[in-house]
Amino acid sequence: MGSILPVRSSASAAPRGSRLVILAAMRTDLIERLLRGLYSAALYLLVPVTVYHLIWRGFRQPAYFQRWPERYAIYHDAPHACTLWLHAVSVGEVNAALPLVTALRRGRPDLRLLITTITPTGSERVRALWGDSVEHVYLPYDLPGAIDRFLEHFRPHAALIMETELWPNLLFGCRDHAIPAYILNARLSERSLRGYRVLAPLVARALRTVDTVAAQSLADAVRFVRLGARAEQVIETGNLKFDVMVPEALEAFADECRAQCGHARLVWIAASTHEDEEAAVIAIHRRLRARFPDLLLLWAPRHPERFRTVAETARAAAWHVSTRSRARWPQPEDAVFVIDTLGELMNFYACSDVAFVGGSLQAVGGHNLLEPAATGTAIVTGPHLHNFVEIARRLEQAGALRIGIDAEAVGAELATLLGDAVLRANMAEAGRALVETGRGALAQTLVLLQPALPSAR
């Protein structure tokens with residue numbers, strides 16, 4: 001916190017000034033303890049709700065029935081030390097962390113890495129990317145006892161928290177265990193800032209325990225300061241998503257996909273769609289196929305529990321449908337090919353002429369727009385982009401993105417692009433160029449983290 005007293009002008013003022021500093025510190029500690037106590041008491045009262053949530057989610061995604069002890073930091077193996085801990089809530093944050101983790105493993109192969117997620121899909125993505133070369137557990141709920149058990153069990157040298165995971169007991173716990181914490185690729189939308197309003201006094205105090213907030217943009221940095229971070233804590237490093245790693249053999253994958261489904265066919269992809277967007281995708285594809293009868297839709301739902309339903313819904317629309325898990329590749333007779341696997345989205349972007357990125361026709365806030373840009377795919381979204389305001393603005397200004405105000409407008413934009421190969425090519429080139437010029441956050445982040453890394457063994 002900043003100074004609460006004027007600079008002392010004489011030695012005689014020192015005793016009184018010292019007493020005021022001590023009283024102020026005591027008052028701050030009392031306020032913190034009171035706020036933490038109320039917050040923690042509320043969380044303990046809500047423990048039955050967390051159990052209900054796991055059961056409810058488990059019926060939709062069975063992986064939620066597994067590994068419950070980790071959710072409450074109950075471990076059966078012996079305590080051990082993990083050199084570096086990175087938290088990424090789900091798939092999107094794991095993907096954003098991919099360049100950083102890859103660089104750390106390449107530059108410091110001696111480092112032991114612990115990666116935590118909250119969702120099973122995040123866990124699956126960690127395993128798909130790094131297998132057993134990193135350790136993975138679920139981050140426990142933000143209960144003070146669970147957080148203490150987690151930190152004492154793993155004893156991380158530093159905490160690297162991706163994007164917007166501002167759990168008060170977690171941040172206070174890092175401070176109390178003398179673990180430096182960094183919020184990396186930090187983003188905070190105006191909507192999220194408003195959402196923290198109820199807990200703002202507590203979150204602000206927790207935020208001030210963090211070593212550094214490495215913000216994606218100047219606007220994000222300003223909002224973190226408005227939330228309570230000290231200005232000297234916050235720096236703008238850029239967005240790690242611009243350092244996206246294009247998969248190896250991308251062109252070979254796309255060539256194989258095109259050969260299997262038919263080289264002359266037009267292809268669009270509906271990526272990271274949510275349940276309330278599915279009817280719109282069906283309607284858009286029906287209208288597009290009226291104009292482009294041989295059009296293929298590659299469909300990648302955001303959540304695995306929707307894979308089967310999406311395939312059944314497409315079949316109910318009287319289309320021939322196949323899936324990645326069963327058929328491997330789309331065939332000439334397919335109207336819809338459902339991507340019911342994880343970790344392959346960028347490969348399938350490269351197979352598409354145009355990409356619609358979901359989470360944008362409903363108030364989810366959008367999903368990663370830089371992945372299709374990096375693969376050279378023209379992009380269309382809906383209007384709800386509050387999680388990617390700056391990226392969307394830059395892509396639109398560069399001519400790489402079209403935004404529809406609703407589902408009908410999105411369909412019209414897709415039709416325009418599917419009918420104009422030159423326009424698609426120009427958008428693809430603009431997207432690739434923007435990604436290349438935006439790279440650099442990774443290098444700045446690695447420099448920032450150097451003091452937190454232990455000496456090489």
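Let's start with strand 13, residues 378-381, where A378 and V380 point one way while I379 and T381 point the other way, and all of them are buried. Keep in mind as you look around that this is a predicted model. The mean pLDDT of the protein is 90, and 94% of its residues reach 70 or more. The stretch to treat differently is residues 1-26, where the pLDDT is below 50. Beyond near neighbours in sequence, that stretch has ten contacts in the model.

Back to strand 13. What does it pair with? On one side there's strand 12, residues 354-357, which runs parallel to strand 13 over four bridges. Pick out F356 and you'll find its bridge partner in strand 13, V380. V380 also has a bridge partner in strand 14, namely R402. Strand 13 and strand 14 run parallel too, joined by three bridges. In general, strands of a sheet pair through backbone hydrogen bonds, either parallel or antiparallel.

Now zoom out. These strands belong to an open sheet of seven, in the order 10-11-9-8-12-13-14, with parallel pairing. Strand 10 and strand 14 (401-403) each have a single partner strand, so one side of each is left without a neighbour in the sheet. Ignoring direction, neighbouring strands here are turned by 20° against each other on average. Helix 18, residues 407-418, packs on this sheet and touches strand 8, strand 12, strand 13 and strand 14. The direction of helix 18 makes about 165° with that of strand 13.

Strand 8, residues 267-273, holds a little surprise: S272. Most residues other than glycine have a negative phi. S272 is not a glycine, yet its phi is positive, about 55°. Is S272 buried or exposed? With a relative accessible area of 7%, S272 is buried.

Next, find helix 13, residues 307-316. Which of its residues are buried? They are F307, V310, A311 and A314. Looking down the axis of helix 13, you'd see these buried residues fall within an arc of 100°, so they line one face of the helix. There's a handy rule behind this kind of pattern: an α-helix has 3.6 residues a turn, so residues three or four places apart point the same way. What do the buried residues of helix 13 pack against? Their neighbours are helix 12 (278-291), strand 9 (296-301), strand 10 (321-323) and strand 11 (336-338). On the face turned away from the buried side, helix 13 carries the exposed residues R308 and A316. After helix 13 comes A318, whose phi is positive, near 75°.

Now for a pair of cysteines, C257 and C351. A disulfide is a covalent bond between the sulfur atoms of two cysteines. How many disulfides does this model have? The count comes to zero. For C257, the nearest cysteine sulfur is that of C351, 3.6 Å away. Why isn't that a bond? The cut-off used here is 2.5 Å between the sulfur atoms, so at 3.6 Å the sulfur of C351 is too far from the one in C257. Both cysteines are tucked away from the surface: C257 is buried at a relative accessible area of 2%, and C351 is buried at 1%.

There's another open sheet to explore. It has seven strands in the order 3-2-1-4-5-6-7, and its pairing is parallel. The edge strands are strand 3 (135-138) and strand 7 (234-236), each pairing on one side only. From one strand to the next, the twist averages 20°. Within this sheet, strand 1 (residues 84-87) and strand 4 (residues 159-162) pair in the parallel sense over three bridges. L86 stands opposite L160 in strand 4.

Helices pack on this sheet as well. Helix 7, residues 168-176, touches strand 1, strand 4 and strand 5 (181-186), and its direction makes about 160° with that of strand 4. Helix 5, residues 120-130, lies across strand 2 (113-117) and strand 3, running at about 180° to strand 3.

One last stop is R155, in the loop between helix 6 (144-154) and strand 4. R155 is a residue other than glycine with a positive phi, near 45°. At 46% relative accessibility, R155 counts as partly exposed.

Key:
Residues numbered from 1 in each chain as written. Predicted model: local features only at pLDDT ≥ 70, side-chain atom pairs only at ≥ 80, totals over all residues. Heavy atoms only, no water. Pairing = 2+ DSSP bridges. Helix = DSSP H or I, 4+ residues; strand = E, 2+ residues; numbered from the N terminus. Axes fitted to C-alpha atoms, helices over the stretch in contact; angles between N-to-C directions. Contact = heavy atoms within 4.5 Å. pLDDT = per-residue confidence, 0-100. Buried < 20%, exposed > 50% of the residue type's maximum accessible area, 1.4 Å probe, protein only. Arc of directions from axis to C-beta.
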